[in-house]
Amino acid sequence: MSDTNQVHGNRLDPWLDSYAARAHGLRASETRSLFAVASRPEVVSLAGGMPNLKDLPLDRLAEATAAMIRADGGRALQYGNGQGLPVLREQITEVMALEGIDADPEDVVITTGSQQAVDIITELFIDAGDVILAEAPTYVGSLSIFSTYQADVQQVPIDADGVIPEALEETIEKLERAGRHIKFYYCLPNFHNPAGVTISEARRPQIVEICRRHHILIVEDNPYGLLGFEGQTYTALKTLAPEDVVYLGSFSKIFAPGYRVGWAVAPPAVREKMKLASEAAILCPSSVGQYSISMYLEQFDWKTQIEDFRTMYKGRRDAMIAALEEYLPNCRWNVPAGGFYVWLNLPDGVDAKEMLPRAVTNLVAYVSGTAFYAGGRAGRDHLRLSFCYPEPADIHEGVRRLSEVVSRDLEI
Ligand code: PMP
């Protein structure tokens with residue numbers, strides 16, 4: 001190693017002094033660092049939010065994809081339009097219509113998963129120190145983005161009916177009195193990740209009205225909205241206030257995440273900026289991913305496939321609730337009406353973060369509640385259990401193993 005490198009940085013990373021300030025906040029999230037261990041076959045992972053793809057018709061998909069490449073390869077393998085493939089933008093409005101949302105294909109920006117949409121929105125709106133409102137808890141992947149842009153994330157309490165409007169307004173007023181600039185409210189309305197709850201119909205207009213009164217943009221992130229176990233859907237905030245909401249959707253949970261195709265629907269001025277920011281970052285979303293999804297939406301019975309996913313996830317939700325009732329009666333949890341997650345409240349004296357290594361040793365993995373709070377400042381009394389991926393028998397066994405660890409921790 002050269003002298004220069006010994007003076008600057010440190011032995012592990014000689015470029016430490018050179019990073020931008022925002023890069024110092026980049027750390028492996030609690031979920032990421034767990035993935036390696038949790039993916040060992042002997043561990044029952046109740047940690048990841050991976051959709052279960054076992055029922056997708058892979059042979060037919062392979063044939064249809066090959067035919068699509070033969071017919072359309074010249075375009076599907078080429079650079080495309082920065083806003084996304086026009087025919088897919090039309091089809092996306094049909095997907096959104098299932099939740100009663102009336103979107104104009106012109107307002108759709110296709111992104112590399114909805115994750116990229118969150119990234120672009122944050123890039124466009126956040127200077128270091130600006131405030132983002134989010135629920136307490138909120139999606140860990142968005143927290144990573146917010147931290148990269150050095151946002152100050154203020155989290156608002158939720159209950160079984162989702163975010164509490166009075167608490168939202170109180171938080172806003174307190175921040176405004178302190179002269180803080182609130183840029184947007186990042187909202188997970190349906191089958192919340194990680195809390196599993198859904199904002200009640202009664203609260204939706206209240207939330208929109210509060211944000212409108214305080215001139216706060218709403219970012220409505222809705223990857224699970226079509227996965228209600230009874231086929232139920234809810235009024236989108238976007239429908240209530242089209243000009244005040246950037247809506248985010250994704251094919252990851254209703255089809256397959258590997259294509260990395262999601263989308264945003266934004267008011268025209270924001271949409272234009274999003275398109276430019278996306279072009280600057282990636283030129284265009286994956287053409288082959290978009291062509292494949294467009295082909296799938298055209299040639300396959302995707303609505304029935306979504307119903308099949310719902311039935312499968314409902315069975316897994318039931319398996320998890322039954323196992324919790326059997327093994328962890330001293331904990332509290334919600335019964336989600338859709339989506340992938342149960343948010344488990346541990347008994348007093350049990351710390352989700354500290355217990356995790358012991359759980360993994362006992363061959364079960366979860367995500368500590370701390371992952372879902374900015375800076376890990378809260379959440380030790382909760383953990384997130386995902387029921388999407390493991391088979392029902394494995395869910396049962398995973399919860400049994402978890403109960404052993406919780407009981408031991410209670411004795412300490
Ligand atoms: N938002 C939420 C709430 C999520 O749970 C996820 C994926 N777990 C995403 C966004 C990102 O999804 P994708 O980029 O695959 O569309």
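**Close-up 1. Helix α8 and the residue that follows.** Just past the end of α8, His-215 adopts a positive phi of about 50 degrees. Please keep in mind, here and in the other views, that this is a predicted model. Within α8 itself, which spans residues 203–213, the buried residues are Arg-204, Ile-207, Val-208 and Cys-211. Looking down the axis of α8, you would find these buried residues within an arc of 95 degrees, so they line one face of the helix. The general spacing rule is handy here: an α-helix has 3.6 residues a turn, so residues three or four places apart point the same way. As for their surroundings, the buried residues of α8 pack against two helices, α7 (165–177) and α9 (237–240), and against the strands β5 (162–163), β6 (182–187) and β7 (217–221).

**Close-up 2. The sheet of 8 strands.** Follow this open sheet across and you meet its strands in the order β2-β9-β8-β7-β6-β3-β4-β5, with mixed pairing. The edges belong to β2 (108–111) and β5; each has a single partner strand, so one side of each is left without a neighbour in the sheet. Inside the order, β3 (residues 131–136) runs parallel to β6, and the two are joined over 4 bridges. To find your place in this pair, look for Leu-133, which stands opposite Tyr-185 of β6.

**Close-up 3. The shell around the ligand.** Here 14 residues surround the ligand, and the closest are Gly-113, Ser-114, Gln-115, Ser-250 and Ser-252. Helix α5, residues 113–125, supplies the largest share of this shell, with 3 residues. Sorted by character, the shell holds 9 polar residues, 4 nonpolar ones and 1 charged residue.

**Close-up 4. The sheet of 4 strands.** This second view of a sheet shows an open arrangement with antiparallel pairing, ordered β10-β11-β14-β13. At its edges stand β10 (332–333) and β13 (367–368), each with a single partner strand, so one side of each has no neighbour in the sheet. The partner of β13 is β14 (residues 382–386), and the two pair in the antiparallel sense over 2 bridges. A useful landmark is Ser-368, found opposite Leu-383 in β14.

**Close-up 5. The annotated domain.** For a wider look, an unreviewed UniProt entry places the feature "domain: Aminotransferase class I/classII large" at residues 55–402. Over that stretch the chain is 45% helix and 16% strand. The C-alpha atoms at the two ends of residues 55–402 are 28 Å apart.

Conventions
Residues are numbered from 1 along each chain as its sequence is written. This is a predicted model: local features need pLDDT of at least 70, side-chain atom pairs count only at pLDDT 80 or more; totals for chains, interfaces and linings use all residues. A residue is near a molecule or strand if its C-beta atom, placed from the backbone, lies within 6 Å of it. Ala, Val, Leu, Ile, Met, Phe, Trp, Tyr, Cys and Pro count as nonpolar, Asp, Glu, Lys and Arg as charged, and the others, Gly among them, as polar. Two strands pair if DSSP finds at least two bridges between them. A residue is buried if 20 or more other C-beta atoms lie within 10 Å of its own, exposed if 12 or fewer, and partly exposed in between; C-beta atoms are placed from the backbone. The arc is that of the directions from the helix axis to the C-beta atoms. Two residues are in contact if their C-beta atoms, placed from the backbone, lie within 7 Å. UniProt positions are given in the numbering used here, feature names are shortened, and annotations may be inferred rather than shown by experiment.
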